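Got your viewer open? Let's take a walk through this structure, one selection at a time.

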Amino acid sequence: MSDRRGYYTADEVRAAEAELFTRVPAGLPMRRAAYGLATVVADELRSATGGVVGRAVGLLVGSGDNGGDALWAGSMLARRGVAVSAVLLNPERAHREGLAALRKCGGRVVERLGAVDLVIDGIVGISGHGPLRLEAADHVAAVDVPIIAADLPSGVDPDTGAVSGPAVRAEVTVAFGAYKPVHALATPHCGRIVLVPIGLQLPEPELAQLEPAAIGAQWPVPRASDDKYSQGVVGVCAGSAKYPGAGVLSTGAAVAATSGMVRYVGDDAEVLAKLPEVVASRTFSDAGRVQAWVFGPGAGTDSAARDRLAEVLGTELPVVVDADGLTLLAAEPGLVRGRTAPTVLTPHAGEFARLTGADPGPDRVAAVRALADDWQVTVLLKGRATIIAAPGEPTLVNDARGSWAATAGSGDVLSGILGALLAAGRTSAWSAAAAARVHALAANLAAYEGEPAAAPISASPLLAHIRSAVRVLRELAEA
């Protein structure tokens, strides 16, 4: 089993489909996709109503193959006793074979959908760009039941996940043949995602997400021969008398993430008061042996902080730069440009704009890749879908499946986890993606705390659930 899930652009999927069409009879890939779509719809009907026969399903059908997928799926559902009605948004260009199959099985073409239990979105597929057109948007706005999207929610860009106007918000998205970037970058519009294989032969992905079990299998844990030094010593320059919380959160996360040693450099008395296992010093030169550094959360942006950042970046060790450190780099990029040791920048969108002079824009993946290539560093752009790019490597994404970590101090926790993984000898891109996964999982665990309904959290309970999140991933690896 692969250690990562690949996401493929529209062009990559079309190329794979063209190759598939040379190996299989015409129409077979569409029938496979439609059968998978119909199966998911039937399962949803059973889950909601206890049965399939007698239920009603509506189709919103555009032109092209995506509309054909919906029509063929409708014909299969009609054969199972479902009342199927279809709105053809472009009747002259509706998929002829799919429409004929639907009518043959008793499906109806209507002007407007009536009372139905569920709607299939077959408006546009991977060739669609931009928001829904007015007529389609009007039909979608009138839907008050769950929508299942065929391949991707219409109105959402397949390659960037961007939404620039009216778009479908699906309960479930049934991906045909391959996951597309939209399935990682726009999950609020996709809902639950189900992959239906249709026989595509795909290249190595340029955008991927690490599988949770693979992260658990590679997470650093002590071996029989390990001591506190061999497991990785991370140094943290964070927090201050003015911003004590940042130091506690970042240093505490480094302590929780691995079993080695954490050294703290700074004058935040709260760090030692709350984390007695941390070895502290006032100055960088007194820190002792360190295998990776974290600099920035609450560290300040004055000349003393700038000089300390320069000292840290002057080492040959991996460095994570976050928060105030990014503000300093935005003013003086030369501090990091040309550095040969691994460097990871962890901006949110505002910090990214300060570093580059521009907002990430609708194509966040391209923007992060451009910064990583330009500065020759690894960049982790925070968000519900966190994007990690390193020069010359496939881009990684982590879909948090929620926004529970969107709280003050959350990024300080992430930097500490990431620094601990770098100190343990993991690569910068893997460390960033794995840290993002544990961070998101810890936030979700904190939000639910064993209860069926979630409640808002702060950074402190997120920090307290890091070990539980690591344990969950390791259990998946051992299952």
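Start by selecting Gln209, Leu210, Ile215, Val397, Asn398, Ala433 and Arg437, the residues that line the largest cavity. Keep in mind as you look around that this is a predicted model. To see which elements the lining comes from, colour β9 (207-210), β18 (395-399) and α16 (428-448): each of them gives two or more residues to it. By class, the lining has four nonpolar, two polar and one charged residues. How many cavities of 30 Å³ or more are there in the whole structure? The search finds one, and the volume of the largest cavity is about 30 Å³.

**Next stop: the pockets**

Now go to the largest pocket, with a volume of about 1000 Å³. Select Ser63, Gly64, Asp65, Asn66 and Gly125, which are the closest to its centre out of 38 lining residues. Then add the helices α1 (10-21), α2 (28-49), α3 (65-79) and α5 (134-141), each giving two or more residues to the lining. Which of these elements has the largest share? That's α1, with four residues. Colour the lining of the largest pocket by class and you should get 17 nonpolar, 12 polar and nine charged residues.

The second largest pocket holds about 480 Å³ of space. Pick Lys382, Ala405, Ser410, Gly411 and His439 here, since of the 27 lining residues these lie nearest the centre. Two elements give two or more residues to this lining, namely α15 (410-423) and α16. You met α16 at the cavity, and in this pocket α16 has the largest share, with five residues. The class colours here come out as 10 nonpolar, 12 polar and five charged.

**A helix with a buried side**

Select helix α11, residues 303-313, and show the side chains of Ala305, Leu309, Val312 and Leu313, which are buried. Why are they on the same side of α11? They cover an arc of only 90° around the axis, and that puts them there. To see what covers these buried residues, switch on β10 (233-237), β13 (292-295), β14 (319-321), α12 (324-331) and β15 (343-345), which are among the covering elements.

**One buried threonine**

Hop over to strand β16, residues 378-381, and click on threonine 378. Is it buried or exposed? Threonine 378 counts as buried because its relative accessibility is 4%, and the cut-off for buried is under 20%. Setting aside neighbours within four places in sequence, its contacts are Thr343, Val344, Leu345, Ile388, Ala389, Ala390, Ser428 and Ala429.

**Last stop: salt bridges**

The whole structure has 16 salt bridges. Try glutamate 44 and arginine 192, whose closest N and O atoms are 2.5 Å apart. Glutamate 44 is in helix α2 and arginine 192 is in strand β8 (residues 192-196), so this pair ties together parts 148 residues apart in sequence. Arginine 192 is partly exposed, at 41% relative accessible area.

Now select arginine 401 and aspartate 399, a salt bridge with its closest N and O atoms 3.2 Å apart. Aspartate 399 is buried at 5%, whereas arginine 401 is partly exposed at 44%.

Finish with glutamate 478 and arginine 474, which meet at 3.4 Å, N to O. They're four residues apart in helix α18 (residues 466-478), so about one helical turn separates them. Glutamate 478 counts as exposed at 59%, while arginine 474 is partly exposed at 23%. One extra to click on is the network of Arg306, Asp307 and Glu332, joined by salt bridges that share partners.

Key:
Residues numbered from 1 in each chain as written. Predicted model: local features only at pLDDT ≥ 70, side-chain atom pairs only at ≥ 80, totals over all residues. Heavy atoms only, no water. Buried < 20%, exposed > 50% of the residue type's maximum accessible area, 1.4 Å probe, protein only. Arc of directions from axis to C-beta. Contact = heavy atoms within 4.5 Å. 1 Å grid on protein atoms, 1.4 Å probe; cavity = no way out; pocket = protein on both sides within 12 Å on 5 of 7 lines; lining within 4 Å. Points joined across faces, edges and corners; volume = space filled by probe spheres on them. Nonpolar A, V, L, I, M, F, W, Y, C, P; charged D, E, K, R; others polar. Salt bridge = Lys/Arg side-chain N within 4 Å of Asp/Glu carboxyl O.
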